[in-house]
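Q: I'd like a close look at one small part of this model, and then a walk outward from there. Could you take me through it at bench level?

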Amino acid sequence: MLTQAFQKVYTKITKLTKATCTLKASGIGNEELAYVDGRPAQVVKIQGDEVTLQVFQGTEGVATNSEVVFTGKPPMLKVSDQLSGRFFNAYGQPIDGGPEIDGEEIAIGSPTVNPVRRKQPSELITTGIAGIDLNNTLVTGQKIPFFADPDQPYNQVMADVALRTKADKIVLGGMGLSNDDYLYFKHLFDNAGALDRIVSFINTTEDPPVERLLIPDMALTAAEYFAVEKNQQVLVLLTDVTLYADALAIVSNKMDQIPSKDSMPGSLYSDLAKIYEKAAQLPAGGSITIVAVTTLSGGDITHAIPDNTGYITEGQLFLRRDTDVGKVIVDPFRSLSRLKQLVIGKRTREDHPQVMNAAVRLFADAAKAKTKRDNGFDLTDYDERTIKFGAEYSLKLLAIDVNIQVDEMLDTAWDLFAKHFNQTEVAIKQSLMDKYWKN
Amino acid sequence: MVKGKISGIVANLLTIQVDGPVAQNEIFFVVLEDGRLMGEVIRVTGDVAFGQVYESTRMLKSGTAVEFVGHMLEVDLGPGILSRNYDGLQNDLDKKTGVFLKRGEYTEALDKKVKYEFKPLVKAGDRVQAADWLASVKEGWIDHKIMVPFKLEGKWTVKSIVGPGSYTIEDQIAVIENESGDVEKLTMVQKWPVKKAIHTYKEKPRPFKVMETGVRMFDTFNPMAEGGTGFIPGPFGAGKTVLQHALSKNAEADLIVFTACGERANEVVEIFTEFPELIDPRTGRSLMERTTIICNTSNMPVAAREASVYTGMTIAEYYRMMGLKVLLLADSTSRWAQALREMSNRLEELPGPDAFPMDLPAIISNFYARAGYVVLNNGQSGSVTFIGTVSPAGGNLKEPVTESTKKSARCFYALQQGRADQKRYPAIDPIDSYSKYLEYPEIRDYLKGKLGADWVDKILTAKNWVYRGKEASDQINILGDDGVPIDYHLTFWKAEMIDFVLMQQDAFDKIDSQCPLPRQKYMMDLVMEGINWPYHFDTFDEVAPYFKKIINVLKQMNYAVFNSSDYQKYESEFRAILNERRAN
């Protein structure tokens, strides 16, 4: 970090902890970016003329006489069309060997959209995955996480979703990505020939965890540039938000804050909401859609991280392995898209809502029949048929490796209905039944 | 004016060195080159005040000047509040410029240019006191009363009042004087500190009327009283917001104040988008005309979120003083409690359970206590009915916010994950939920007068059947379908009939979403007929398909216009089905 004119330089640190350092300094702003011994740091506390800095990379080796340089600005990102196709670290510096980008410098973590200026989301997003498009349809301006155990292929699913949507820009915010996953994304984006519409901000497991805290704001600042300035449809991918929350907990712990549920900071809800609420349908036509990943521990959604997330996001996509068919499926019971009502049957075929509900209801009957079988009770003919339907439904529609159009999903569902049930059992509005029932 | 300088900053908590007296909860402004940031004193130690800023504190510096205004957080009360969209500090969101909220941009709550048609209700020489009606102006479809400011004590004499005509809210409309010769010049607007209850009424009797909501799980099973309190706890995805929207659409109230407190912005957008299109069946006007929204969504500053519920309550209390029936909804009070927790944490107070402040139960109960049915000094009455939602962490009802609220609110509408998973909406737990008002003799008498002497017994009988149905279902699951007597199946299906026909309700259906009391009584009587019918079955597997038929027919009635030919057709179909299985 080169010292520039008008920057304040200090060399007397009075207190050091693993993640913070304190020194006497004047005229310093809250949240101002500084460099401690060349490492990026941010002001987190001011007490009289004492300033406490959070050093993102940790303070190992920082000495009491190390140089502290204040930049006079909060963390910034340069935005322009040159962002496209590039990979950056948590500070917005290129990590792909390419040149620095030119552009307007904007402070990250901008204020919120005025609620009365928002528009109601109404554009369908298709992914080809029936567990999403059919049962949990996504809409532009929505925010939705995948809830998945660490062993589920969530990053692959998310990459599929990203590449199949018609988004103008995809912004990837990788937090605590394994190096392998980072290379996977990089390779995939390269090969898909989609690199020019992708911007990536990456923090890998090799980078210091606290740096992750900057990733969502960086990614969303870039997203806002394209959505607000260029009126583009932007899809933001954030993986893995659980690791982001863990980093929040580390910092709050180092600052002696009292932890609340599951050792998470009391402000977890607001911290996560600040990120997710950036999803918006903007008045001039641009939009920001957020698809995130929240990894779970053993499917436990009552843990503070998924729990707070669920209260903020507009639904969740729950991945689980269906052992009957040996595939990972989008669980139709625990998944939900709160905004699907805005598009299904309106932007998709008229029979969509009823087919979706009937299929899920019959799948629930299949689950009940299986429990009955497992408990050793006799199965009725109907029970037997629902179990067969359940397996086929899971394989042909719920599995994440399905890639078909919405109409085809609906037709497949009608095929399965006709194969296993009579019309009374399916119980869909008669007019639809007359039109679509497969004989 | 008392001034100070910032001496410390942690997140949105400031420590301020002050040069004079400051009050707890006093409002201050941080003076920046390009604007002013509002905040509130939350603790004072010697000449150091601790303040929470209602805005981002980014790049604030130690030594920055602060000015104290000498009063607590106040709202403007006067004509023009109705159908506005405010933030938690009563800034008119529609008046703000640009797509993004700008730090330090404060807008006028009321319109100063609009002229209101003014009709005086008193004349010079009349004796008045705080909250007495001086005049009436037309605000949309309501008669908005201009009142003697609530903060004035003692008796006053009207020295002068302007005649009928049109005036703006800033025009002087009256002069009053008290015995010690103090003179007050009045406009149509008064200010009131939001954290104080408006107490200028004659008395607050026990609630004695039911507030109809059109939702059967409320009106029939757990009635809400006019001026009552209730809360809706539920895990995410259980339908809290849909239920609150249903209440705000259908409840029999003059005005709705909806506080979106720390929730999703898109849900408020839904109200902005839909309400102007929906017609209030009672007035024939757009629903938006009776709705005021206080909107402090989850990513707006946390301190203002705490203020938002108080702003909503104060506005509701103000309209109550005009003799109106106000329904205040807050979604969600857990976010308010979390805002309190964040500040308590930063103040390094010793924490209570789950790191919430120790006085959380007291704060919640003080707030709920502001609701109520009141008799005004002029003998008229008004009410604030309050229903809040609670978002329990992990869906666990044993957490501090739910438990504290349970101590204060009189009605408990617990949303249950299991029912939501089965799409049994509204997912209000039929067994755990309760309305304490059902125990009030006044309310019982009211219901009996309206719906017949045996009404309360019918409710209790129906609830009991649901309970027995659950027991029967447990037994069937343990012993198997053929391991229990047919009676168990019968009990289970009778309970299902009550559940499907009376308890479940389609919030998205035009007709079913709004079910008036007489219709609720009619359906209850039909279902009771089905419960008391002498059935005959030979085997258990005849029971389920038969009751599914009954339920289907009764549900069709719920979807049909009351007493229409379709409705009557389904009713005779229902009777025919009953007769198929009559025991000899």
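How many bridges join strand E15 of chain B to E16(B), and do the two run parallel or antiparallel?

A: Keep in mind that this is a predicted model. Strand E15 (residues 174–178) of chain B is tied to E16(B) by 4 bridges, and the two run antiparallel. To see how they line up, find B:Ala174, which sits opposite B:Leu186 in E16(B). As background, strands of a sheet pair through backbone hydrogen bonds, either parallel or antiparallel.

Now step back to the whole sheet. E15 and E16 belong to an open sheet of 4 strands in chain B, ordered E10-E13-E15-E16, with antiparallel pairing. Strand E10 (127–129) and strand E16 (183–186) of chain B are the edge strands; each has a single partner strand, so one side of each has no neighbour in the sheet. Going from one strand to the next, the twist averages 40 degrees.

For the wider layout, the domain assignment splits chain B into domain 1 (3–72), domain 2 (116–188), domain 3 (216–434) and domain 4 (452–580). Taken over C-alpha atoms, the centres of domain 2 and domain 4 of chain B are 57 Å apart.

One residue to look at further along chain B is B:Gln556, found in helix H13 (residues 543–559). B:Gln556 counts as partly exposed because 16 other C-beta atoms lie within 10 Å, and a residue is called buried at 20 or more and exposed at 12 or fewer. The C-alpha atoms of B:Gln556 and B:Tyr522 are separated by 14 Å, with their positions 34 residues apart along the chain.

Strand pairing also turns up where the two chains meet. Strand E5 (residues 39–47) of chain A is joined to E1(B) by 3 bridges, again antiparallel. There, A:Ile46 has B:Ile9 in E1(B) as its bridge partner.

As for the contact as a whole, 50 residues come from chain B and 48 residues from chain A. On the side of chain B that touches chain A, strand E1 (3–10), helix H3 (265–274) and helix H5 (333–346) each supply at least two residues. H3(B) gives the most to that side, with 7 residues. Sorted by type, the residues on that side of chain B come out as 19 nonpolar, 19 polar and 12 charged.

Notes: Residues numbered from 1 in each chain as written. Chains lettered and ligands numbered in written order. Predicted model: local features only at pLDDT ≥ 70, side-chain atom pairs only at ≥ 80, totals over all residues. Contact = placed C-beta atoms within 7 Å. Nonpolar A, V, L, I, M, F, W, Y, C, P; charged D, E, K, R; others polar. Pairing = 2+ DSSP bridges. Domains from an automatic or database assignment. Axes fitted to C-alpha atoms, helices over the stretch in contact; angles between N-to-C directions.
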